Amino acid sequence: MHDEQEALPAAAAGERPPIYPLPENTAHEAGHTAADYTLSTRTQQRIADGVPANTRRAYTRQWALFTGWCATHGRIALPATAHTLAEYTSQLCEAGQAPASIEQAVAAVRTMHRLAGHPGHPATEAARLALRAYKRARAETGGRGQREAPPITIDALRAMVAACDLDTPIGRRDRLLLVLGLALMGRRSELVALQREDVREVADGLEVTIRTSKTDKDSAGETVAIPRGSHPLTDPVAAWRDWLHVLDQAGHTTGRLLRRINRHGTLGPSLGADAVNTIVRDLAIRAGVPSADTVTAHSLRAGGATVAYAAGVPVAVIAKHGRWAPASPVVLRYIRAVDRWRDNAMRNVGL
């Protein structure tokens, strides 16, 4: 059955724009007809799916908040003026929202305008100046910028694995989650998406295929090499073999690698991204890791980059291994955190 063809609608003032790109010029040119400006439902969905699901959800939520605010205050959301965006930004500041959330809101408004055929609108200079003033005021009154998850060190990782009951399926799963999270410098989305067949044992350790990632927009995939470990608790190969035994006993010879497990030890569907955060934080608390209440799944990714740099691994190698963009400012933050102690100006001055 063929998808019904439908013309791309132009979003009316104040309406939520569609999630697929609109042509910049919908006028019929040089013999074009309505058919030349038509997309099937399936094509529209594919275009929408080209944007990562997490980004789609975040931007959809932010856009709904923005359009709701505009409706309440008698303003047009699409196309919005620079004045409207600046006033909305100021209102978010007044509400005490985190600067990172406000920046996401501004980005969402701009993106939705671009998708609706208004690239470059609304102008953001006034909104960003208002946000800059807000950040300064927060800093002066003791507020902090974006809260970052503390990196997990190797000692902390071992303590967290030691807190797992390795005689149970849950303990073995959690051990593999922790070790892969740090050794892969893995994102939550990458970890929960792993299939059993994506991990392969080789002579030197494990080869893990990441089918798609945040920086792999074309889903070309990448195979990451993870060497064998030197400690029995955190050896990736040992963790993999132990969990493989659990999967085999449960008859899961294919499908998702990391699975939900109920209180009776029965394996279910794939593990959710939010569950990964909960597992990592709970184990950090049980292991007595410093600032355990602020630990997240990202702490494993940050920890992988941090311990690698401290061990002398070049930045470019770390960025490639962790699937960061080559000039990612995130990697540079991890590096600076190591350097401020390793290359400290006051070290060995006799204080």
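Author: The expected span of a helix is 1.5 Å times one less than its number of residues. This is a predicted model, and helix H9 (residues 236–250) is a good place to try that rule out.

Reader: OK, how does H9 do against the span expected at 1.5 Å a residue?

Author: H9 has 15 residues, and from the first C-alpha to the last it reaches 21 Å, close to the expected 21 Å.

Reader: And how do you know what the 13 residues of helix H3 should span?

Author: Same recipe. At 1.5 Å a residue, H3 (residues 82–94) should span 18 Å, and its end C-alpha atoms are 18 Å apart, so the two agree.

Reader: What comes just after H3, and what follows H9?

Author: Gly96 sits just after H3, with a positive phi of about 80 degrees. H9 is followed by Gly251, whose phi is positive too, near 80 degrees.

Reader: Which residues of H9 are buried, and what do they pack against?

Author: Pro236, Val237, Ala239, Trp240, Trp243, Leu244, Val246 and Leu247. These buried residues pack against helix H7 (169–183) and against strands E3 (199–202), E4 (205–210), E5 (222–227), E6 (259–261) and E7 (267–270).

Reader: Which residues are buried in H3, and where do they pack?

Author: The buried ones in H3 are Thr84, Leu85, Ala86, Tyr88, Thr89, Leu92 and Cys93. They pack against helix H2 (53–72), H4 and H5.

Reader: Why is Cys93 called buried?

Author: Buried means under 20% relative accessible area. Cys93 comes in at 11%, so it counts as buried. Cys70 is buried as well, with a relative accessible area of 1%.

Reader: How many disulfides does a search of the whole structure find?

Author: Zero. A disulfide would need a pair of cysteine sulfur atoms within 2.5 Å, and the search turns up no disulfides anywhere in the structure.

Reader: Now the helix pair. Why are H4 and H5 called roughly antiparallel?

Author: Helix H4 (residues 99–115) and helix H5 (residues 125–140) pack at an angle of about 175 degrees, with their axes 11 Å apart. Angles over 145 degrees count as roughly antiparallel, and H4 and H5 are therefore roughly antiparallel to each other.

Reader: Which residues make the contact, and how do they divide by type?

Author: H4 brings Pro99, Ile102, Glu103 and Val106, while H5 brings Arg128, Leu131, Tyr134, Lys135 and Arg138. That makes five nonpolar, no polar and four charged residues.

Reader: What sits in the loop between H4 and H5?

Author: Pro122 is found there. A cis peptide bond joins His121 to Pro122, with omega about -10 degrees.

Reader: Is Pro122 buried or exposed?

Author: Buried: its relative accessibility is 1%, against a cut-off of 20%.

Reader: Which residues is Pro122 in contact with, leaving aside its neighbours within four places in sequence?

Author: Ala80, Thr81, Ala82, Leu85, Val109, Arg110 and His113. Take Val109: it is 13 residues from Pro122 along the chain, and their C-alpha atoms are separated by 8.1 Å.

Reader: Where is Pro79, and what kind of peptide bond joins it to Leu78?

Author: Pro79 lies in the loop between H2 and H3. The bond from Leu78 to Pro79 is cis, with omega about -5 degrees.

Reader: What is notable about the phi of Met185 and of Ser291?

Author: Met185 is not a glycine, yet its phi is positive, about 50 degrees. Ser291 is not a glycine either, and its phi is positive at about 55 degrees. Met185 is in the loop between H7 and helix H8 (188–193), and Ser291 is in the loop between helix H10 (273–286) and helix H11 (298–310).

Reader: What makes Met185 count as buried, and why is Ser291 called partly exposed?

Author: Under 20% is buried, over 50% is exposed, and partly exposed is in between. Met185 is at 5%, so it counts as buried. Ser291 has 47%, so it is partly exposed.

Reader: What does the whole chain look like: how many helices and strands, and what share of residues is buried?

Author: There are 13 helices and seven strands, and 38% of the 351 residues count as buried. Among contacts with a separation of 6 or more, residues 24 or more positions apart account for 60%.

Notes. Residues are numbered from 1 along each chain as its sequence is written. This is a predicted model: local features need pLDDT of at least 70, side-chain atom pairs count only at pLDDT 80 or more; totals for chains, interfaces and linings use all residues. Side-chain values use heavy atoms; hydrogens and water are left out. Axes are lines fitted to C-alpha atoms, for helices over the stretch in contact, and angles run from 0 to 180 degrees between N-to-C directions. Helices (H or I, at least four residues) and strands (E, at least two) are DSSP runs, numbered from the N terminus. Angles under 35 degrees count as roughly parallel, over 145 as roughly antiparallel, 65 to 115 as roughly perpendicular and the rest as oblique. Contact means heavy atoms within 4.5 Å. Ala, Val, Leu, Ile, Met, Phe, Trp, Tyr, Cys and Pro count as nonpolar, Asp, Glu, Lys and Arg as charged, and the others, Gly among them, as polar. Buried means under 20% relative accessible area, exposed over 50%, partly exposed in between (1.4 Å probe, protein chains only).
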